[in-house]
Amino acid sequence: MDNKPQIVGRSIPRVDGVAKVTGAAKFAIDLSVPGMVFGAVVRSERAHAEIIDIDTRSAEQSPGVVRIITGRDLDNVVPYFGHIVLDHPILAIERTLYYGEPIALVIARSQQAATHAASQVEVEYRELPYVTDALEALKDDAPILHPQRGEVVRDLGFDAGEEGGSGNICSLASLDWGNVDSGFAAADLVIEGEFRYPMLYGYAMEPYNALAVSGEDGLTVYTTTQHPYMVRKDLARILSLPFAKVRVVVPYVGGGYGTKSYSKIEPLAAVAAQLTGLPVKVVLGVEESIHTTRSDSAIVRARSGYTAQGLLVARAFEIVLNSGAYTDNSPQVGQKAVNTCFGPYRTPALSVRMRSVFTNTVPASSLRGFGTPQGTFAGELQMDEAAERLGIDPVELRKRNLVGPGEEVIPGKRALEANLPEDLELLSKSVDWPDPGEGRASGLGLSASDSGAYPSSTALVRIHADGSASALVGATEMGQGSRTVLAQIAAQELALPMELVTIVSSDTGIGPFEQTTGASRTTTVVGRSLQAACQDARRQLRALAAEVHEVAVESVQDAPGGVLVDGTWRSFAEVIQGWFGAGGEVIGTGAIRRSGDFAETPVFWEIGAAGVIVSVDRDTGEVSVEKLATIGDVGFAINPAMVHGQDAGAALMGLGAALHEELVYEGEMLTNPNLVDYRVPRFEDLPREMDQMLVERQDGVGPYGSKGAGEGGGNAIGAAIASAIARLLGVRPRELPLTSERVWRLLQDGRIPREADDDLS
Amino acid sequence: MPMPLHPFVLHRPDSAEEVIELRSALGEDAALYAGGTELLSAMKMGAISYEHLIDVKRVPGLREIFDQDGSVHIGATATHHEIENHPVVVDRLPSLAKLTHSVANVRVRVAGTIAGNLAFGEPHADPPALLMALGGTVVVQGAKGRRSMDIAEFCVGAYETGLREDELIVEVDVPIPPPGSVATYMKFQVLERPSVGVACLGEIHDGRFTSPPRLVIGAVDEVPRLVDAAAIDGADIQDEAGMGAVCDAASRAVDPTDDLSGSADYKRHLVGVLARRVLRKLAGEP
């Protein structure tokens, strides 16, 4: 980076910080347009039923009602959405598959009028047998949710398991190498266990909402999605419109965490706008948002074989995911669980089988980490158990097995960039391993997950006639800080002060394409396409300067905020205005595809490294996290403070799942679809001490050697907490969340109460 | 799922007499409204609806907190936030100040009132148990004048109180514990509301309980339960057997149910744990 001003690598304050803390920042939920009408969703009150009749007569007479849309009004559109399988109906068609599913949309002149009329819609059901438990859904006599399967579309780019199958199988995935049978036969120690990871809701402060406007130029939807281009694809398919006639605009997103990946309420708002010709806004409450998307709960049966020296010889995992009523992103979640459950350890023989299962529950989709936390919980706890049974220190046992830098985690995939033995050393020191003092214990978790970031990205940089620059990207700012980091990259590349750089993001009508904003991709993938766009602008500026000053292009060099022409500094403004005569601008473009640095997948391995020190109130079972340590193994931190924010956020979100969070079904309904009964982390839950370490080995393919962050801490924390509790209390937790009662019961009888073990095979 | 907020008429009377007149005229179609933290949430969820709300916040003299005749008088519309920070409460009833500081969150505390808390009758609430241990009374005013009820009379059941349809709570009177006695409240909370709350008022002299402590279990049953603590009347604070007997009595005094905050036997166990802790605290242990 020579003698350019150093903008990257510094904890520059967020470019959106003041606007957000003062409430000035606009989110989709804040937007309105003249003449806007409001939708209220009528939801199913059965888990599985035929819809015999929807009586809207009384509701239609309700004051202010414009129109009521049901599944029967979807004849002229493709009534399903889904980026892997087209099986998610915009409104239930003839049959409803889960309690809380949208059945009708009442559109009225005010939200109050819409909500009032929606309560008057009468739905007549013919009840069908339902199943909410994944193992029950696998049985021969289980009710079948999808007798006919939706069309497979696979918009992802990656393989994500194999969709469909018989019965209620939503998707299958497997991973095998070596001979597992002979591995186990030769092992000195074989351990087995069944592990359960809860069904979660990734609470975002801004609930799902969308404002759809249909006009002569096509359809415009303002929404809170992470992936505007994925939503555009769904909407174009539903309404048979070219991409050019579908504009998806995303202002700031009030929390995403993967829960706002792909389409949610946008198809319904868009169809409503199309049918009424009016701008339609649909805003869901928290309870409705919980009935829109949740994460896949998991049952993982794991078997691991070791030599007496603690070396892994074979591992086998059977994973069953409860994936809810529709496919959504569960195949990718399942594939990720398969690819990560065995951990970043040298495993001579491996067999992993995953079944994602349809049930009459809220459809599951992405949540921070995809399937990694689910599988890692099982894999890491077995490393601990093996260490204990072999009389080897768990850190030492991990070191003996860890994949080293440059070695493959999965044959044929990109080799691991990170130095995990060094990370583990740092982590164990931070949590005072092995003995953090009387009444306390330490626990550790490690994971390396193959980022699901598909390398398909474009960026534009406009160097304006006054020398300032706008960078256009399709990356969504959802609190992770993408606008700040991307502005830092553009400012660095153009050697401009931050104040002269603006990021314009996530508007499919104006900005360039981006596959998604997920899988921790933005810094790495968008950063590189933006770098390429800046370099392209630089190249054009040198050519323009050469023409203006009538010199060979070779005698023009890049300089901060301008160029050197035969040693004389000329600003960008001077070059642009000189070439155009008046006004003008230079537009640089950049693109990343699966080639060059990005030919190999995954684009990077996201490292999860979390350690804790816990104490437990033995009378009540209440767990206190005395210390939380995370490692941001990010190659290069473009903004260290924001890496810390991501690591802390991921770990604390994972702490919620580890100790408190779980959506609970009783009969056909959720018992806790609200924030009073669904317990997200609070400030009082913050660990007493936080140690956030940064490891920068410039080993990523992103700008300046960077790679992704934002999920890692959450992938490993569940295992870390359970491991610490196990060490402290001499029990073996195998189910999250470790609520006070569960811990108390473990202390009472050494086991967690559970329904009779079902056979997974 | 979202329910339409049922339309209602908001009355904003300026005197207690007007409130009582409205109450008499409107009967069960009307609810008193102060902070609204419980009432409005329940109305928005569609759990309850009223044709009329009578806002009591403009009634003069209902918000004062003062110390008179050995009691702290807390006006009905004093907010939790005012109570927890009021010098008289902090000085004379530190246990109540501390409890109030732990009610819900600061947004609730700046709006919610003590009378509203009691009148709503939410079983999983903090104040009733401690008020019962302290011997607090609820003073109400009706067409026929004032009367007062102790907590056992007032807390009748889940969302049921002794307040009549034509009455208004005017204040809550809490006797100042005699010198040498100690009042304590401890709770165990998983979700938004306490799953177990245990309050205790007692006195230790020369290492002995001078009388049976007033031990009350709140937030478990529909109403707070006073525990028979006779087993440690005059007992030494080291009397493990007596202490154990009282904790067992506490566990038996309640009839918990399984819910999201815990199973019945866990909550029963917690009652015993907290009972022991409040007694230990009384004995001066941390």
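Here is a short chat about a predicted model with chains A and B.

Visitor: Starting with chain A, how does its radius of gyration sit against the globule rule?

Guide: Chain A has 18 helices and 35 strands. For its 761 residues the globule rule gives 27 Å, and chain A comes out close to that, so it is as compact as a globular protein of that length. The radius of gyration of chain A is 27 Å.

Visitor: And what share of chain A is buried?

Guide: To picture the chain, its C-alpha trace spans about 85 × 70 × 45 Å along the principal axes. Buried here means under 20% relative accessible area. Among the 761 residues of chain A, the buried share is 64%.

Visitor: What about chain B: which radius of gyration does it have?

Guide: Chain B comes to 11 helices and 15 strands, and its C-alpha atoms fill a box of roughly 60 × 45 × 30 Å. The globule rule gives 19 Å for 286 residues, and chain B is close to it, so it is as compact as a globular protein of that length. Its radius of gyration is 19 Å.

Visitor: Is helix α7 of chain A largely enclosed or largely open, and how many of its residues are buried?

Guide: This helix covers residues 266-276. The buried ones include Glu266(A), Pro267(A) and Leu268(A). The helix is largely enclosed by the rest of the structure, because the buried count among its 11 residues is eight.

Visitor: Which residue follows α7(A), and what is its phi?

Guide: Just past the end of α7(A) comes Gly277(A). Its phi is positive, near 70°.

Visitor: Where does Tyr257(A) lie, and is it buried or partly exposed?

Guide: Tyr257(A) has a phi near 55°, a positive value in a residue other than glycine. Most residues other than glycine have a negative phi. Tyr257(A) sits in the loop between β16 (246-249) and α7 of chain A. With a relative accessible area of 30%, Tyr257(A) is partly exposed.

Visitor: Which residue does the cis peptide bond from Thr601(A) lead to?

Guide: The bond has omega of about -5°. The partner belongs to the loop between β30 (585-592) and β31 (605-616) of chain A. That partner is Pro602(A).

Visitor: Over on chain B, which residues form the negative surface patch?

Guide: One member, Glu21(B), lies in helix α1 (residues 16-26). Glu21(B) has a relative accessible area of 56%, and over 50% counts as exposed, so Glu21(B) is exposed. The patch consists of Asp14(B), Glu17(B), Glu18(B) and Glu21(B).

Technical notes:
Residues numbered from 1 in each chain as written. Chains lettered and ligands numbered in written order. Predicted model: local features only at pLDDT ≥ 70, side-chain atom pairs only at ≥ 80, totals over all residues. Heavy atoms only, no water. Patch = residues over 30% accessible without salt bridge, like charges linked within 9 Å, V, L, I, M, F, W, Y side chains within 5 Å. Areas by Shrake-Rupley, 256 points an atom, 1.4 Å probe, with all protein chains shown as cover. Salt bridge = Lys/Arg side-chain N within 4 Å of Asp/Glu carboxyl O. Lys, Arg positive; Asp, Glu negative; His and termini not counted. Charge placed at Lys NZ, Arg CZ, Asp CG, Glu CD. Helix = DSSP H or I, 4+ residues; strand = E, 2+ residues; numbered from the N terminus. Buried < 20%, exposed > 50% of the residue type's maximum accessible area, 1.4 Å probe, protein only. Rg over C-alpha atoms; globule rule 2.2 N^0.38 Å.
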